[in-house]
Amino acid sequence: MTTPPFDPVSERDVQIVTAQLGRPARDVIGIPARCVCGAPTVVATKPRLGDGTPFPTLYYLCHPGATAAISTLEATGVMAEYTELLATDDDLRRRYHGAHEAYLADREGIEHVPEIAHVTAGGMPERVKCLHALAGHALAAGPGVNPLGDLAVARSGWSPDVCRCPDYLGEQAAAADDADAPAASSAPSEAG
Ligand SMILES: [Zn+2]
């Protein structure tokens, strides 16, 4: 077994993910997918959290633009449509099972957690329960691994190739402030 080749997680990544989620990002072990600007779009989380809890969702979609676009899809009945597709398309069903197996193999390559040995995410391998989880897997694994995740990402209109990221860490605002500030040695501020 080999660990999936995640991008390592930096302190800056953790800060951005914390801003994206609106809560502390814990037990992050890598960044399997990024926006073209470098901001994480998917985080990889330890199969067993630091507090001992088994955590089956190895790939978690953290990018707010992506999660919003996928939420819109979910709200328009796409999960029922994909469930119907699974019931009628043998090839799709076979590939969806393959996605489940690939997900398990990735996680087992990191750590074996008996409580979740056969559990993945998003309803795999038989159901379609969460398009965010499927999209997260598709973005992490690349095209062709999770067919329903690929479909969901394509249909969401969101793409990691077009950056619409907010200024997560306030860096652009800080840079703009610096540019506007008078040079310290010349003009003392007349303001205030
Ligand atoms: Zn971006």
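**Warm-up.** Is Cys35 buried or exposed?

Solution. At 4% relative accessibility, Cys35 counts as buried. Here buried means under 20% relative accessible area, exposed over 50% and partly exposed in between, with a 1.4 Å probe and protein chains only.

Before going on, a word on the model. It is predicted, so local features need pLDDT of at least 70 and side-chain atom pairs count only at pLDDT 80 or more, while totals for chains, interfaces and linings use all residues. Residues are numbered from 1 along each chain as its sequence is written, and side-chain values use heavy atoms, with hydrogens and water left out.

**Exercise 1.** Describe the overall make-up of the protein.

Step 1. Start with the elements: there are seven helices and three strands. Helices (H or I, at least four residues) and strands (E, at least two) are DSSP runs, numbered from the N terminus.

Step 2. Put them in sequence order, and the pattern reads α-β-β-β-α-α-α-α-α-α.

Step 3. Add the overall dimensions: the C-alpha trace spans about 75 × 35 × 25 Å along its principal axes. Of the 192 residues, 40% count as buried.

**Exercise 2.** Work out which residues hold the zinc ion, and in what geometry.

Step 1. Find the donors, which are N, O and S atoms within 2.8 Å of the metal (3.2 Å for Na, K and Ca); water is not among the atoms, so sites may look incomplete. The SG atoms of Cys35, Cys37, Cys163 and Cys165 coordinate the zinc ion at 2.2 to 2.4 Å.

Step 2. Check the angles. They run from 105 to 113° between the four donor atoms, which makes the arrangement tetrahedral. Four donors count as tetrahedral if all angles lie between 85 and 135 degrees.

Step 3. Look at the spacing in sequence, which is C-x1-C-x125-C-x1-C. Distant parts of the chain are linked here: Cys35 sits in the loop between strand E1 (28–34) and strand E2 (40–45), and Cys165, 130 residues apart from it, in the loop between H6 and helix H7 (171–180).

**Exercise 3.** Characterise the packing of H5 against H6.

Step 1. Two packed helices are described by the angle between their axes and the distance between the axes. For H5 (residues 131–141) and H6 (residues 147–156), the axes come within 7 Å and cross at roughly 100°. Axes are lines fitted to C-alpha atoms, for helices over the stretch in contact, and angles run from 0 to 180 degrees between N-to-C directions.

Step 2. H5 and H6 are therefore roughly perpendicular to each other, a term that covers 65 to 115 degrees.

Step 3. List the partners, taking contact as heavy atoms within 4.5 Å. Leu131, Leu134, Ala135, Ala138 and Leu139 in H5 meet Leu148, Gly149, Asp150, Ala152 and Val153 in H6.

**Exercise 4.** Compile the surroundings of two residues, Leu139 and Asn146.

Step 1. Leu139 belongs to helix H5 and is buried, with a relative accessible area of 18%. Leaving aside residues up to four places away in sequence, Leu139 touches Pro32, Ala33, Val42, Leu61, Val153, Trp158 and Pro160.

Step 2. Asn146 lies in the loop between H5 and H6 and counts as buried at 0% relative accessibility. With the sequence exclusion of up to four places, Asn146 touches Tyr96, Ala99, Met124, Leu134, His137 and Ala138.

Conventions. Angles under 35 degrees count as roughly parallel, over 145 as roughly antiparallel, 65 to 115 as roughly perpendicular and the rest as oblique. Four donors count as tetrahedral if all angles lie between 85 and 135 degrees; four count as square planar and six as octahedral if opposite donors are over 155 degrees apart and all others between 65 and 115; anything else is irregular.
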